[in-house]
Amino acid sequence: MTSPLEARSLSLIREGNDVLDGVSFTVAQGEIFALLGGNGAGKSSTLLTFLGFLEPSDGDVLVHGENVGSDIAAARSAIAYLPEAASLYGHMTAYENLDYFLDLAGKSAGRSDIDAALDRVALPDEARTRRLQSYSKGMRQKTAIALALLRETPILLLDEPTSGLDPVAIDEFHDLVTALAKGGQTILMVTHDVYGACQVADRIGLLRGGQLVGSFTAENGERIDTETVHAAFAQRQSA
Amino acid sequence: MSSAIRIAREEWRLWLRSKVVIAAALIIAVLLAATSFLTAGRVVDEQSQRLDKQVAAEEAFFSQPDRHPHRMVHYGHYAFRPPPPLAAFEPGVDAVTGQSIFLEGHRQNTAMFADTKASADLGGFATLSPANLYQLLLPLLLIVLGHALFLRERESGTLAVLLAQGQSGVKLAMGKGLALLSVIAALMIPLVAVAIYSISLGESAMAASSLVFSYFIYLCIWGALVLAASIILKQRAVSLGVLVFVWLFAALIVPRFAINASSAAIDAPGKIESDLIMLAEQRKLGDGHNAADPAFQRLQAQVLEQYEAETIEELPINWRGIVASYSEAELTDLLNEHAENRMGLEASQSRMFDLFGVISPTISIGSVSRTLSGTDLATHHRFLRESETLRFNFVQAVNQVHVEDLDYARDLNRNASDEAGQLARVSADSWKVLEEFRFVSDASGDRLSRAALSLGVMIAWLLASVSIVFLAARRVRM
């Protein structure tokens with residue numbers, strides 16, 4: 001059975017620099033895979049290759065077994081992407097943003113569907129008709145997550161998804177991601193938040209200097225041990 | 001296509017929520033409305049004034065009493081060039097060429113300005129025509145609206161989100177382009193109104209609609225250039241700076257340079273200068289007022305032989321009238337030769353100027369605009385030629401009256417006494433020889449064929465700029 005997401009000896013050179021160097025991994029259906037790494041490790045670049053925004057210098061990225069480069073549109077239709085900056089339009093309300101992006105994605109959603117998604121991410125009712133330029137970063141992030149939910153795609157790519165969220169919202173987000181994975185969605189998230197990654201991920205890949213240098217897997221229904229990962233992360237960072 | 005429409009709709013939402021954009025649009029709308037209203041009003045006034053003056057000049061000529069025919073040659077007449085209906089939009093060369101000519105014997109006078117009423121129209125503001133606004137200001141509005149169309153998405157990160165929804169760079173460019181196209185369509189409304197108004201004043205529908213089409217093409221060129229810059233360039237400030245420079249280059253620098261270059265390459269003397277050059281040659285032709293001038297000896301011999309007469313007194317016709325007619329024809333040939341030479345040089349300068357349209361669409365639209373509106377140099381030259389024909393015909397017709405209806409002896413004796421002067425007059429009925437003159441614009445087909453080259457250059461500009469947008473959009477990733 002083909003994995004929803006697969007990177008095979010993925011290498012990427014940008015402006016003469018090796019961003020990724022022979023990275024390989026797969027993410028199974030219903031699995032949460034977290035790529036953990038410091039700044040410049042190549043985490044976000046890995047996500048962008050799955051969307052066809054960056055073209056591998058070598059190796060392959062596959063979505064449902066198909067090379068992304070051969071059909072970028074098919075790959076994008078299978079993926080909901082949550083960028084780090086939760087980039088949405090400040091001059092639009094949450095409703096308008098969601099309606100617009102869903103329309104462009106060819107997805108029809110009524111007001112009740114949108115409300116249900118916004119309820120799931122706990123965006124207050126009163127905020128939904130306000131323009132996003134008055135939102136906090138956390139509220140923007142929640143709106144962007146709602147968009148990802150509404151896309152109802154089999155794959156979710158999350159770039160630093162808890163950045164800017166308060167602790168309560170982070171916990172709510174972790175619960176949400178876990179529920180989505182249990183529902184069958186495949187989730188690849190990149191983060192430098194060791195604690196957050198250990199909270200939700202079934203597997204963690206440690207990325208450093210564009211290379212996958214370590215891997216941790218949750219076993220027997222237990223969470224991945226934070227201290228072990230932290231120690232590895234810190235060791236690799238200082239190496 | 002539906003996603004392009006949706007993207008365009010959301011662009012409008014942004015514009016309508018932006019105070020800067022609303023303010024810029026309002027300023028342009030007020031300017032367009034004010035200039036259209038003022039220019040249209042002035043043109044209608046001038047049209048009726050000049051037609052009235054033309055009729056009044058004819059009536060004044062016809063109502064002259066019995067006179068010596070040569071006095072009528074010098075009494076003269078006027079030819080007026082009424083502004084064509086589309087001058088309400090594009091006054092063209094009207095402002096610098098003069099619109100009326102005093103026609104008299106032995107001279108080709110310079111065109112004059114019919115009146116000075118325009119100076120009362122809000123001072124210099126009246127010189128800002130709707131065509132100026134469309135050629136110069138509207139591209140700037142498109143730059144303000146569109147310089148960040150793509151860049152804004154790139155800088156705010158929404159480009160990645162848009163692409164992640166399955167939109168390609170080409171689809172996004174189509175949507176953004178559609179938004180600009182709808183702005184351009186809205187900007188065409190005042191011009192369409194002026195075109196409809198001009199048709200109601202008698203303008204050809206083909207010329208008016210071609211003018212609207214040409215300006216639509218012109219603004220689309222700017223729209224495509226603006227869109228291309230916003231796709232290719234990486235920073236908003238750079239995009240704005242580059243586009244403003246392109247605007248300065250195309251709208252101000254190239255036209256200024258083109259004027260100097262075409263004047264330097266083709267040295268065309270002005271009317272006064274060519275008149276001075278011509279004066280020396282004119283003296284060789286003899287003085288038509290003096291029938292005894294040696295320059296007419298050969299003519300005298302030919303006429304005497306034709307009528308088998310020994311002396312000019314024996315001729316059955318008036319020798320002084322013959323000399324006047326002959327002299328006028330000779331002089332007119334000389335005048336026309338110089339006039340045609342001058343107009344030919346001016347036309348060459350104008351053609352060379354138009355060629356600079358290859359590097360500036362503003363030059364091409366200016367040329368197309370003037371030509372289709374009937375306010376171009378070629379139309380002015382035709383006015384000069386037609387008024388010259390009118391002048392020559394009426395002078396020669398009066399000279400013919402002099403030849404046939406006035407006895408030579410009485411003519412010679414006209415200054416002897418008041419009574420002799422009375423006898424040297426012809427009937428006022430003779431002044432009916434003056435032809436009615438109504439200057440009208442060229443047929444729309446003629447104007448279109450004259451504008452074809454510049455219009456072709458503009459279409460090439462459009463194809464090139466749209467191709468750049470397409471190629472750039474295909475490369476959009478993030």
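## Where chain A meets chain B

How many salt bridges does the rule find across the interface of chain A and chain B? In this predicted model, the rule finds four salt bridges there. One of the salt bridges in the model joins the side chains of A:E96 and B:R13, with an N to O distance of 2.9 Å. Polar contacts add to the picture: across the interface of chain A and chain B, eleven residue pairs are in polar contact, both partners being at pLDDT 80 or more.

Which elements give two or more residues to the side of chain A that touches chain B? They are strand 6 (79-82), helix 3 (94-104) and helix 5 (137-151) of chain A. Helix 3 of chain A provides the largest share, six residues. By residue class, the side of chain A that touches chain B divides into 14 nonpolar, three polar and seven charged residues.

## Extent of the chain contact

The contact draws 24 residues from chain A and 21 residues from chain B. Between them, chain A and chain B bury an area of about 2,200 Å², and carbon and sulfur atoms give 57% of that area.

## Two domains in chain B

Now let us turn to chain B by itself. Its domain assignment gives domain 1 (2-59 + 122-264) and domain 2 (69-118 + 268-453). The C-alpha centres of these two domains of chain B lie 42 Å apart.

How many residues of each domain are in contact? The answer is 50 residues of domain 1 of chain B and 44 residues of domain 2 of chain B. The two domains bury about 4,000 Å² between them, with 69% of it on carbon and sulfur atoms.

## What joins the domains

The count between domain 1 and domain 2 of chain B is two salt bridges. B:R438 forms a salt bridge with B:E58, and their closest N and O atoms are 2.9 Å apart. Across the interface of the two domains there are also 13 residue pairs in polar contact, again with both residues at pLDDT 80 or more.

On the domain 1 side of chain B that touches domain 2, at least two residues each come from helix 2 (19-62), helix 5 (130-146), helix 8 (169-200), helix 9 (205-232) and helix 10 (236-265). Helix 2 of chain B gives the most, with 15 residues. In terms of residue class, this side of domain 1 of chain B comprises 30 nonpolar, 13 polar and seven charged residues.

Definitions and conventions:
Residues numbered from 1 in each chain as written. Chains lettered and ligands numbered in written order. Predicted model: local features only at pLDDT ≥ 70, side-chain atom pairs only at ≥ 80, totals over all residues. Heavy atoms only, no water. Domains from an automatic or database assignment. Contact = heavy atoms within 4.5 Å. Buried area = accessible area lost by both parts, 1.4 Å probe. Polar contact = N/O pair within 3.5 Å; in protein donor to acceptor, adjacent residues only side chain to side chain. Helix = DSSP H or I, 4+ residues; strand = E, 2+ residues; numbered from the N terminus. Nonpolar A, V, L, I, M, F, W, Y, C, P; charged D, E, K, R; others polar.
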